[in-house]
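Thanks for coming, everyone. I'll keep this short. Have a look at the model first.

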Amino acid sequence: MKGEFTIKWLCSTDSTNNEILRHACDLDNLSVIAAREQTAGRGQRGNRWKSAAGENLTFSAFVRFGESPLPVLPASRQFAISQAATLAVANLLRSKGIYARIKWPNDIYCGDKKICGMLIENRLKGGDVDFSVIGIGLNVRQRQFDPDLMNPTSMSLITGEDYVLEPLLEEICKALFDNLLKLGTLTPQYLDLLYRKGELRSYTDVESGEVFRGTIKGISEEGMLLVEMPEGCVREFGFKEISYIL
């Protein structure tokens, strides 16, 4: 393996993550499946990812750790995969004049609007990550969205430009591969782009339903979100434990 993603385009599938998982035993490392249309795209928290056919990037990357050229990745460091993926997309957008930030753990926002979502599914073997399915949905050319979606935007809505999907995907895959070779060194870059970092804003504690004010300070070594409360203490939140009030 020379360190290049192999990209396969499908006309339609239910979910590119599902497609990868169905064939994980037979896939080469660094395989990417992209779809012109997803009929049942999956997002975080069990939500559906809705995307207009042929207008956006919906794809998943299959990454097996401990197989050349990628080293073994301990399960305790698996948040580094989210860092690699979010930085690949955010930095690409910024290179095209789109001011993107990372909404913890792995959404990409422009202002208070969502331009990209990710569903990263890791499979563990012993104390290590065996493989990861990195699912990414990036709004590219779509200009009209389902009214049920709260705050979507796209590259074309922001810049007024049109984009060709295939070379855009190749750029993201190259950036993702480069980042995967740098796992363990990406936290400073991730924090530099962290949405709402250093701002006093409102959130909901999902477990208790409490609405509170806090300031995002960073992330823990395990990838937990660190939020400073007005009285000065710092609380840690895991995935699905905190909700942003937009």
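**Strands, cysteines, cavities**

Start in the middle of the action: Cys110 has Lys113 of S6 as its bridge partner. Keep in mind that this is a predicted model.

Those two sit at a hairpin. S5 and S6 form it, with two residues between them. Gly111 lies in the turn and has a positive phi of about 65°. Strand S5 covers residues 107-110, and strand S6 covers residues 113-125. The two run antiparallel, joined by three bridges. Tyr109 also takes part: its bridge partner in S6 is Lys114.

Now the side chains of S5. Which residues point which way? Asp107 and Tyr109 point one way, while Ile108 and Cys110 point the other way. Buried or exposed? All of them are buried.

Turn to the other neighbour of S5. S4 pairs with S5 over three bridges, again in the antiparallel sense. This pair is a hairpin too, with three residues between the strands. Here Arg101 has Tyr109 of S5 as its bridge partner. So Tyr109 has a bridge partner in S6, Lys114, and is itself the partner of Arg101.

Step back to the whole sheet. Seven strands form an open sheet, in the order S1-S2-S3-S7-S6-S5-S4. The pairing is mixed. Which strands stand at the edges? S1, residues 6-10, and S4, residues 101-103. Each has a single partner strand, so one side of each is left without a neighbour in the sheet. On average, neighbouring strands are turned by 20° against each other, direction ignored.

Next, the cysteines. How many disulfides are there? The count comes to zero. A disulfide needs two cysteine sulfur atoms within 2.5 Å. Take Cys173. The closest cysteine sulfur is in Cys116, and that is 12 Å away, too far for a bond. Cys173 counts as buried because its relative accessibility is 4%. Cys25 is at 80%, so Cys25 counts as exposed.

Last topic, empty space. Rolling a probe the size of a water molecule over the atoms shows where it is left. A search of the whole structure finds two cavities of 30 Å³ or more. I'll describe the second largest. Its volume is about 40 Å³. What lines this cavity? One stretch of names is Ala35, Arg36, Glu37 and Gln38. The rest of the lining is Ser51, Ala52, Ala53, Gly54, Glu55, Asn56 and Thr58. By class, that lining has three nonpolar, five polar and three charged residues.

That's my tour. Over to you.

Key:
Residues are numbered from 1 along each chain as its sequence is written. This is a predicted model: local features need pLDDT of at least 70, side-chain atom pairs count only at pLDDT 80 or more; totals for chains, interfaces and linings use all residues. Side-chain values use heavy atoms; hydrogens and water are left out. Buried means under 20% relative accessible area, exposed over 50%, partly exposed in between (1.4 Å probe, protein chains only). On a 1 Å grid over the protein atoms alone, a cavity is a set of points where a 1.4 Å probe fits but cannot get out, and a pocket is an open set with protein on both sides within 12 Å along at least five of seven lines; lining residues have an atom within 4 Å of a point. Grid points are joined across faces, edges and corners, and a volume is the space filled by probe spheres set on the points. Ala, Val, Leu, Ile, Met, Phe, Trp, Tyr, Cys and Pro count as nonpolar, Asp, Glu, Lys and Arg as charged, and the others, Gly among them, as polar. Two strands pair if DSSP finds at least two bridges between them. Helices (H or I, at least four residues) and strands (E, at least two) are DSSP runs, numbered from the N terminus. Axes are lines fitted to C-alpha atoms, for helices over the stretch in contact, and angles run from 0 to 180 degrees between N-to-C directions.
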